[in-house]
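Student: Could you take me through the nonpolar core of this protein, and the sheet that goes with that part of the chain? I would enjoy one connected account.

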Amino acid sequence: GILSTTSSCLRPPLPLPSHSVMHTMRVLATAAALLLAPASSLQLSRRSALQCMPAAGAGLASAAAGAQRAAAATPAPRDKSRTDGYKVQRSDREWAYVLSGAQYNVLRQGGTERPNSSILVNEKRKGTFSCAGCGTPLYSSETKFNSGTGWPSFGLGLPGVEIEEVNPLVASFAGAELRCGTCGGHLGDRFLDGKLFLDTAAFESGTRHCIDGAALTFMPEGGGKDDMVFGDTPLKPAGAPPSEPDWLKPPPIKARAAS
């Protein structure tokens, strides 16, 4: 009994689904909802539906052809080195030393943090979001919006953001990887569903940048070094009790001076 209990505790946790997997699940769920909804609720006439079908078919055919060409000429996604060709380069050992565990998992290993785990999800102040690995400015607060996904989301990136080149069909479902253009660190994924988010920067650009908070730091407008917020700081759950004030904490134990 002890052996079985111990072995189960040592089992590694299941890997988190990536942004692209979560996005695909949302697309499929939306499609299923549309198929199951009554025709009257869709407010779409038969004539308008027939008018849309040729254009949709042509778009799918074009995207499929693009996917075939890309599969033959483009290297597999995520295969590009995160070191070669970038201005800031470190060995894996050095990155592991200068980054926290969460930062290293995302930036250098392409991991995905849990949704609603970063303090930057609810950050609403004016300022700039930069790479936690090299400090390159990546996003302005002007393009940040609440996507409801649990990850910091932006409608557009600054010039420091590198976007993976993929064909539109792949980009629609699997997304395109986003990296820091200076150090090659993984940031998240870009999706082409921006038009779903009305009155946001994503609606204007047509794209949604889904970013892991641990990959970023945030500097409020006009703030100093002590005001920097690190995205790997956990997000305090809603309704969580406030932290204990200093005057209620027991005094620290001081070592006695040697006699």
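Tutor: Happily! In this predicted model, the protein chain has eight helices and 10 strands. Of its 259 residues, 34% count as buried. Among contacts in the chain with a separation of 6 or more, 60% link residues 24 or more positions apart.

Now to the core. In soluble globular proteins, nonpolar side chains tend to be buried together. Here the largest nonpolar core has 23 residues, and those with the most contacts inside it are Leu107, Phe129, Leu138, Tyr139, Leu187, Ile211 and Leu216. At least two residues of this core come from each of helix H6 (101–107), strand E1 (127–131), strand E2 (137–140), strand E6 (176–180) and strand E9 (216–220). H6 gives the largest share, three residues.

Leu107 deserves a closer look. Beyond its neighbours within four places in sequence, Leu107 touches Arg82, Leu99, Cys131, Ala132, Gly133, Gly184, Gly185, His186, Leu187 and Ala215.

Next, the sheet. E2, E1, E9 and E10 form an open sheet of four strands in the order E2-E1-E9-E10, with antiparallel pairing. E2 and strand E10 (229–230) are at the edges with a single partner strand each, so one side of each has no neighbour in the sheet. The antiparallel pairing of E9 and E10 runs over two bridges, and Thr217 has Phe230 in E10 as its bridge partner.

Finally, the outside: the protein chain exposes about 16700 Å², with carbon and sulfur atoms supplying 60% of it.

Notes
Residues numbered from 1 in each chain as written. Predicted model: local features only at pLDDT ≥ 70, side-chain atom pairs only at ≥ 80, totals over all residues. Heavy atoms only, no water. Core = buried A, V, L, I, M, F, W, Y, C linked by side-chain atoms within 4.5 Å. Buried < 20%, exposed > 50% of the residue type's maximum accessible area, 1.4 Å probe, protein only. Contact = heavy atoms within 4.5 Å. Areas by Shrake-Rupley, 256 points an atom, 1.4 Å probe, with all protein chains shown as cover. Pairing = 2+ DSSP bridges.
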